[in-house]
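Visitor: Please take me through the side-chain links in this model, pair by pair. I would like to know where each partner sits and how far it is buried.

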Amino acid sequence: MFTLAEVASLNDIQPTYRILKPWWDVFMDYLAVVMLMVAIFAGTMQLTKDQVVCLPVLQPTVNSKAQPGTSGKADFTTVETTTGQGEEASMRTVSFGSAPTVTPDVPLSRATSSQYQPTESGQELKKEQKDSSGRKTNLDFQQYVFINQMCYHLALPWYSKYFPYLVLIHTIILIVSSNFWFKYPKTCSKIEHFVSILGKCFESPWTTKALSETACEDSEENKQRLTGAQSLPKYVSTSSDEGSPSASTPMITKSGFKFSADKPMIEVPSVTILDKKDGEQAKALFEKVRKFRAHVEDSDLIYKLYVGQTVIKTVKFIFILCYTANFVNTISFEHSCNPKVEHLIGYTQFECTHNMAYMLKKLLISYISLICVYGFICLYTLFWLFRIPLKEYSFEKVREESSFSDIPDVKNDFAFLLHMVDQYDQLYSKRFGVFLSEVSENKLREISLNHEWTFEKLRQHVSRNAQDKQELHLFMLSGVPDAVFDLTDLDVLKLELIPEAKIPAKISQMTNLQELHLCHCPAKVEQTAFSFLRDHLRCLHVKFTDVAEIPAWVYLLKNLRELYLIGNLNSENNKMIGLESLRELRHLKILHVKSNLTKIPPNITDVAPHLTKLVIHNDGTKLVVLNSLKKMTNVAELELQNCELERIPHAIFSLSNLQELDLKSNSIRTIEEIISFQHLKRLTCLKLWHNKIVNIPSSITHIKNLESLYLSNNKLESLPAAVFSLQKLRCLDVSYNSIALIPVEIGLLQNLQHFHITGNKVDILPKQLFKCVKLRTLSLGQNCITSIPDKVSQLLQLTHLELKGNCLDRLPATLGQCQLLRKSGLVVEDHLFDALPSEVKEVLNQDTSIPFANGI
């Protein structure tokens with residue numbers, strides 16, 4: 001037995017696909033139902049009432065022998081009795097010429113008595129028989145039944161017997177052909193997915209809201225277009241048009257906001273506020289539509305299958321029509337039968353009548369009429385299939401009506417399904433097109449984003465950076481919330497992994513904004529926003545994977561002071577770099593490039609007259625061509641880090657204004673070229689740390705103005721006396737080498753303020769070290785020092801002392817005389833600090849106790 005739920009589920013199949021059934025498919029389905037009813041009706045009538053009735057044809061010779069000397073009157077009358085199936089029955093056969101009749105109303109007992117006992121009743125029977133006339137056939141009831149069955153199969157045409165079953169089979173084949181594309185696994189999955197998505201797109205609240213939003217925007221834009229000439233912009237650029245972006249610059253020409261002198265901002269109000277749940281469902285629909293399109297557009301199987309089944313139905317119609325027309329006239333009421341059973345019944349020919357002939361002929365004509373209508377519809381379907389290219393679908397009308405001009409045209413099975421839907425209702429494709437539009441998707445993201453990121457929430461994410469500036473960092477959002485541009489006191493804005501970032505004209509409200517970070521964020525700007533950034537932005541950080549991600553408007557920010565480019569700029573892509581436009585950045589002072597360069601691009605040196613600081617951080621790629629550095633005569637700071645340099649580049653010696661040189665993390669082994677630094681009169685800071693330097697040449701004494709020398713993380717084993725002849729040296733860092741001895745000449749460095757020798761092999765501290773009374777930082781950790789001289793008390797300006805990782809037994813009590821030294825600046829093991837006298841610890845702990853006292 002079937003449950004009610006199972007039966008109900010069968011009824012749901014047809015409504016599911018009804019949107020893919022055009023009028024001809026629906027009409028053909030109804031025709032198939034009518035044909036099915038004809039087949040069932042005809043079959044039922046045949047099973048219940050179909051039969052033939054046959055009578056023998058008497059031969060003339062037989063008749064002449066049976067009626068000698070008579071004219072129109074019967075000369076004999078007989079009564080035959082038969083008994084069948086245990087019931088009494090009698091049959092009286094009366095022959096009238098050649099038309100015998102049977103009178104089945106004579107009882108068996110009466111017939112018997114009339115033959116053997118001629119009584120009074122028998123005489124009455126003879127009197128009745130004399131009044132009737134006919135011819136004797138000598139056939140009983142069983143013989144008639146036998147003949148009827150024989151002649152039903154022999155005399156009746158096969159089409160009269162099997163017509164209902166053929167109609168049933170043909171109708172089932174046509175029904176299967178009409179719905180096969182809904183059941184075939186390769187197409188069924190796509191159709192089910194399409195119908196499901198289409199229904200959700202039609203019912204989605206975003207569909208109506210998106211159309212409403214665009215309609216509102218269009219009306220507002222038309223209104224502003226008419227009144228735009230009368231309004232004055234809030235921000236008017238004082239610069240010339242020289243820095244205006246070209247036509248290829250990614251600008252947003254359509255602005256949703258206008259500024260005037262009286263009203264600072266006119267914002268188009270949102271028609272609807274999208275519910276968060278609705279927004280998430282709409283986002284999921286966009287993703288489903290995108291994936292479904294990619295899956296379906298690669299083949300045209302559904303189209304071919306539909307065409308194939310339509311061709312099959314047409315061929316089937318032609319076949320049915322051709323063979324049925326030949327059998328219409330074979331269905332008749334009268335038939336002649338020759339069963340060839342004369343040895344059983346004595347007759348060779350019978351005349352039969354088919355009682356269902358008239359009804360079957362009428363049903364057959366009705367069936368032919370239905371099949372003709374069905375065939376004409378099939379021909380029309382084929383005409384429709386080949387009249388227009390159904391494997392291409394254009395949303396031209398939808399684009400015009402909905403203002404979503406970016407709805408793409410589709411092809412193959414996706415296009416065919418949409419053509420089929422149009423036959424049901426074109427409103428479906430219009431609403432479906434909303435979810436193919438990137439503009440619509442971006443609008444949805446924008447509404448959802450603004451609904452989630454309110455002004456109050458953004459204010460909570462504002463923080464203070466190391467430079468005590470207000471900073472906002474937005475990470476992995478679908479766009480930039482509108483409320484960001486209401487934070488007028490923001491100094492730094494960081495946008496990271498926001499692929500659809502758009503900077504509107506409202507940014508001109510952020511008068512404090514001077515630093516912008518674009519991390520994998522190819523932002524687009526409106527014209528008014530660009531004018532503001534061009535005149536106000538001072539620092540820009542751009543992090544990218546490919547140079548194409550660098551917005552073109554970056555090279556047009558003529559008042560930019562600092563530019564940081566972090567990404568892939570290898571030699572193959574150097575030709576694509578738009579750095580030639582850097583020459584427009586006339587106020588650019590700092591250029592920071594972190595990439596994998598093999599040479600310094602000539603385009604960078606074109607802006608050399610403007611630069612005061614150049615930083616190149618390679619990822620370990622060897623930088624081989626450096627001759628272009630000679631053009632950068634105004635550079636004061638130069639950093640070439642991780643560039644696999646083996647020697648100090650000679651091009652550096654031409655930079656007469658160089659003040660700081662940083663060659664960190666290279667492969668420099670020898671620095672004999674250091675003598676050429678004597679020509680760099682302004683050089684005060686030399687950083688050669690994280691290299692492979694073995695010794696320091698004595699020619700270092702020629703760098704008279706050197707104030708900072710960083711040689712940490714090298715392979716030095718000793719410090720030459722020449723280093724201590726640099727009287728202006730204030731910072732010396734030789735940490736993490738293999739130095740075992742601090743020369744006594746260190747006492748000559750009277751201006752030394754920072755001395756780092758952590759991570760070496762020093763075991764004894766010379767007393768001359770403590771003659772450097774200006775020392776503020778002394779890092780002696782991770783050595784082999786066994787004691788600290790009491791003369792450490794002479795370092796009155798000492799604020800940081802690192803002793804951790806040595807072989808010390810105790811700390812000198814004279815540490816308490818270092819007036820500026822506090823416990824926070826003393827890096828030493830806890831047990832050594834605890835061993836100090838209490839009064840010394842009290843002095844060192846003053847930095848922690850004083851705040852408590854003040855609090856009391």
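Guide: A salt bridge is a side-chain nitrogen of Lys or Arg within 4 Å of a carboxyl oxygen of Asp or Glu. Keep in mind that the model is predicted.

Start with Glu646 and Lys622. Their side chains meet in a salt bridge, at 3.8 Å from N to O. Glu646 lies in the loop between strand S21 (637-641) and strand S22 (660-662), while Lys622 lies in the loop between strand S20 (613-618) and S21, so the pair ties together parts that are 24 residues apart in sequence. Lys622 has a relative accessibility of 42% and counts as partly exposed.

Next come Lys687 and Glu660. This salt bridge has an N to O distance of 3.5 Å. It links distant parts of the chain: Lys687 is in strand S23 (residues 685-687), Glu660 is in strand S22, and the two are 27 residues apart. Lys687 counts as buried, because its relative accessibility is 15% and the cut-off for buried is under 20%.

There is also a network. Glu287, Arg290 and Lys291 are joined into one by salt bridges that share partners. Then take Arg293 and Glu297, whose side chains meet at 3.0 Å, N to O. Here the partners fall into separate accessibility classes. Arg293, at 24%, is partly exposed. Glu297, at 13%, is buried. In total, a search of the whole structure finds 17 salt bridges. The general idea is simple: side chains of opposite charge can pair when their charged atoms come close.

Now the covalent links. A disulfide is a covalent bond between the sulfur atoms of two cysteines. The search of the whole structure gives 2 disulfides.

One of them joins Cys54 to Cys352, with 1.9 Å from S to S. The torsion about this S-S bond is about 110 degrees, so the disulfide is right-handed. Cys54 belongs to strand S1 (residues 52-56) and Cys352 to strand S8 (residues 350-354), so parts that are 298 residues apart in sequence are tied together. Cys54 is buried, with a relative accessible area of 1%. Cys352 is buried too, at 3%.

Another disulfide joins Cys151 to Cys337, with 2.1 Å from S to S. The angle about its S-S bond is -90 degrees, and the link is left-handed. Cys151 sits in helix H7 (residues 141-154) and Cys337 in strand S7 (residues 334-337), so this pair ties together a helix and a strand that are 186 residues apart in sequence. Both Cys151 and Cys337 are buried. Count the bonded cysteines along the chain, and the disulfides follow the pattern 1-4, 2-3.

Cys685 is in no disulfide. The nearest cysteine sulfur is that of Cys731, 7.7 Å away. A disulfide needs two sulfur atoms within 2.5 Å, so that distance of 7.7 Å rules the pair out. Cys685 is buried all the same, with a relative accessible area of 8%. Cys378 is buried as well, at 0% relative accessibility.

To recap the disulfides: Cys54 to Cys352 is right-handed, and Cys151 to Cys337 is left-handed. For the salt bridges, two pairs reach across sequence: Glu646 with Lys622 spans 24 residues, and Lys687 with Glu660 spans 27.

Notes
Residues numbered from 1 in each chain as written. Predicted model: local features only at pLDDT ≥ 70, side-chain atom pairs only at ≥ 80, totals over all residues. Heavy atoms only, no water. Helix = DSSP H or I, 4+ residues; strand = E, 2+ residues; numbered from the N terminus. Buried < 20%, exposed > 50% of the residue type's maximum accessible area, 1.4 Å probe, protein only.
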